[in-house]
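Please open the model in a viewer and keep the selection tool at hand. The tour below proceeds from one selection to the next.

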Amino acid sequence: MSNAIEIEAKALVTKKDYQHLLSLFKDYHSYTQTNYYVDTPDLNLRKEGIALRIREKDGVYEMTLKTPLSQGLLEKNCSWNPKMFEDFKERAIFPEGDIKRFLTMLDFDVDNLRIRTSLQTTRVDIPYAGGKLSIDENHYSNLVDYEIELEYNNLKDAERHLVALLEENKCDYVLSHKTKVTRALDAYQALKDKN
């Protein structure tokens, strides 16, 4: 298992501005990944500000647990093989390891955890201003949004560089503090409430 601290600024943009930004970085290639978001039926992890996801990219699976820090998120990552993913998805068998121990230590019953929703992202990553810029098209719960992220070593400079890029290119944007997991689970909950 690996640990990391994630600090990133995010902005939602229009499809037109997303396409314009992509055209600026056309030498970089896109890839697709799917995030499966895991929680209890009552979304108890979310209520505590914790996010748990399984990311699939090119047939490789990684589980990530994100817990809030004063600036950014602490990430705990562990690799899963396809069988572990299928066992969890189909039979709710949560694999042994540090993430299971951590959740149990926080009094979460891992037997109640299930995949609640998923979000598919087509992404382009670009080294930018000493950080990593990601240009994303996200699909979830019959919705599509366009997000620009700048991962950096501190939030203030990440926002400053991101805003400068967006304003230089005359993009309409909204700085967003809602993560992908929050947007996906909000949409999941709205669909669930509707039915």
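Two strands are taken to pair if DSSP finds at least two bridges between them. The model is a predicted one, and the tour begins with a strand that has two such partners.

Select strand β2, residues 8-13. Its neighbour β10 comprises residues 173-175, and the two strands run antiparallel, joined by three bridges. Within this pairing, Ala-11 is found opposite Leu-175 of β10.

Next, add strand β9, residues 143-151, to the selection. Six bridges link β9 to β2, again in an antiparallel arrangement. Ala-9 has Leu-150 of β9 as its bridge partner.

Is β2 enclosed or not by the rest of the structure? Colour the strand by accessibility: five of its six residues are buried, so β2 is largely enclosed by the rest of the structure.

Now move to Asn-142, which lies in the loop between β8 (131-140) and β9. Asn-142 has a relative accessible area of 79%; the cut-off for an exposed residue is over 50%, so Asn-142 counts as exposed. Select Tyr-188 as well: the C-alpha atoms of Asn-142 and Tyr-188 are 10.0 Å apart, although 46 residues separate the two in sequence.

Finally, display the largest pocket, which holds about 1,000 Å³ of space. Which residues lie nearest its centre? They are Glu-6, Glu-8, Lys-66, Leu-73 and Glu-75, out of 45 lining residues. Strand β5 (residues 60-68) supplies the largest share of the lining, with five residues. Coloured by class, the lining shows 17 charged, 15 nonpolar and 13 polar residues.

Definitions and conventions:
Residues are numbered from 1 along each chain as its sequence is written. This is a predicted model: local features need pLDDT of at least 70, side-chain atom pairs count only at pLDDT 80 or more; totals for chains, interfaces and linings use all residues. Side-chain values use heavy atoms; hydrogens and water are left out. Buried means under 20% relative accessible area, exposed over 50%, partly exposed in between (1.4 Å probe, protein chains only). Helices (H or I, at least four residues) and strands (E, at least two) are DSSP runs, numbered from the N terminus. On a 1 Å grid over the protein atoms alone, a cavity is a set of points where a 1.4 Å probe fits but cannot get out, and a pocket is an open set with protein on both sides within 12 Å along at least five of seven lines; lining residues have an atom within 4 Å of a point. Grid points are joined across faces, edges and corners, and a volume is the space filled by probe spheres set on the points. Ala, Val, Leu, Ile, Met, Phe, Trp, Tyr, Cys and Pro count as nonpolar, Asp, Glu, Lys and Arg as charged, and the others, Gly among them, as polar.
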